[in-house]
Amino acid sequence: MKVSKNTQKAALALVGSMLGFIVAKKYSPKETYPFILIGGFVGNFLGEELIKEPTYTNPYQQTIESLKFED
């Protein structure tokens with residue numbers, strides 16, 4: 001099953017948020033929201049840096065420059 005880059009990033013952001021919530025409950029039961037935000041940010045940042053978009057090259061793909069007409 002192929003999963004898109006955005007889905008993988010969202011999963012890492014969710015995992016980061018969940019870890020932030022767990023840490024917040026352990027160390028600071030009054031304020032959990034900042035920990036959830038920081039965890040989501042870290043998960044999103046790791047997803048952006050670690051997950052690479054697959055590149056597909058098509059030898060027959062034409063660019064706009066090759067479609068220009070000569071007068």
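This report describes the fold, the helix packing, the salt bridges and one surface patch of a single protein chain.

The model is predicted: local features need pLDDT of at least 70, side-chain atom pairs count only at pLDDT 80 or more, and totals for chains, interfaces and linings use all residues. Residues are numbered from 1 along each chain as its sequence is written, and side-chain values use heavy atoms, with hydrogens and water left out.

**Overall architecture**

The protein chain contains two helices and zero strands. Helices (H or I, at least four residues) and strands (E, at least two) are DSSP runs, numbered from the N terminus. Of the 71 residues in the protein chain, 17% are buried. Here buried means under 20% relative accessible area, exposed means over 50%, and partly exposed lies in between, with a 1.4 Å probe and protein chains only. The protein chain exposes about 6600 Å², of which carbon and sulfur atoms supply 64%. Accessible areas come from the Shrake-Rupley method with a 1.4 Å probe; for residues, only the protein chains shown count as cover. Among contacts in the protein chain with a separation of 6 or more, 53% are between residues 24 or more positions apart; a contact means heavy atoms within 4.5 Å.

**Packing of the two helices**

Two packed helices are described by the angle between their axes and the distance between the axes. For α1 and α2 the angle is about 150° and the axes are 7 Å apart. Axes are lines fitted to C-alpha atoms, for helices over the stretch in contact, and angles run from 0 to 180 degrees between N-to-C directions. The contact involves residues of α1 including Leu12, Gly16 and Gly20, and residues of α2 including Gly39, Gly43 and Gly47. In space, Phe41 and Gly16 are 7.5 Å apart, C-alpha to C-alpha, with their positions 25 residues apart in sequence. The C-alpha atoms of Tyr33 and Gly20 are separated by 8.7 Å, the two residues being 13 residues apart along the chain.

**Salt bridges**

The count comes to two salt bridges, each defined as a side-chain nitrogen of Lys or Arg within 4 Å of a carboxyl oxygen of Asp or Glu. They are listed below.

| Pair | Closest N and O atoms |
|---|---|
| Lys5 and Glu48 | 3.7 Å |
| Glu48 and Lys9 | 2.5 Å |

Glu48 lies in helix α2 and Lys9 in helix α1, so this pair ties together parts that are 39 residues apart in sequence. Salt bridges that share partners join Lys5, Lys9 and Glu48 into one network. Within it, Lys9 is buried, with a relative accessible area of 16%, whereas Glu48 is partly exposed at 36%.

**A nonpolar surface patch**

Leu12, Ile38, Phe41, Val42, Phe45, Leu46 and Leu50 form a nonpolar patch on the surface, together offering about 700 Å² of accessible area. Patches are made of residues with over 30% relative accessible area and no salt bridge; like charges are joined within 9 Å, and nonpolar side chains (Val, Leu, Ile, Met, Phe, Trp, Tyr) within 5 Å. Helix α2 (residues 33-50) contributes the largest share of the nonpolar patch, six residues. Two residues of the patch illustrate its accessibility: Phe41 counts as exposed because its relative accessibility is 58%, and Val42 counts as partly exposed because its value is 41%. Tyr33 also lies in helix α2 and counts as exposed, at 56% relative accessibility.
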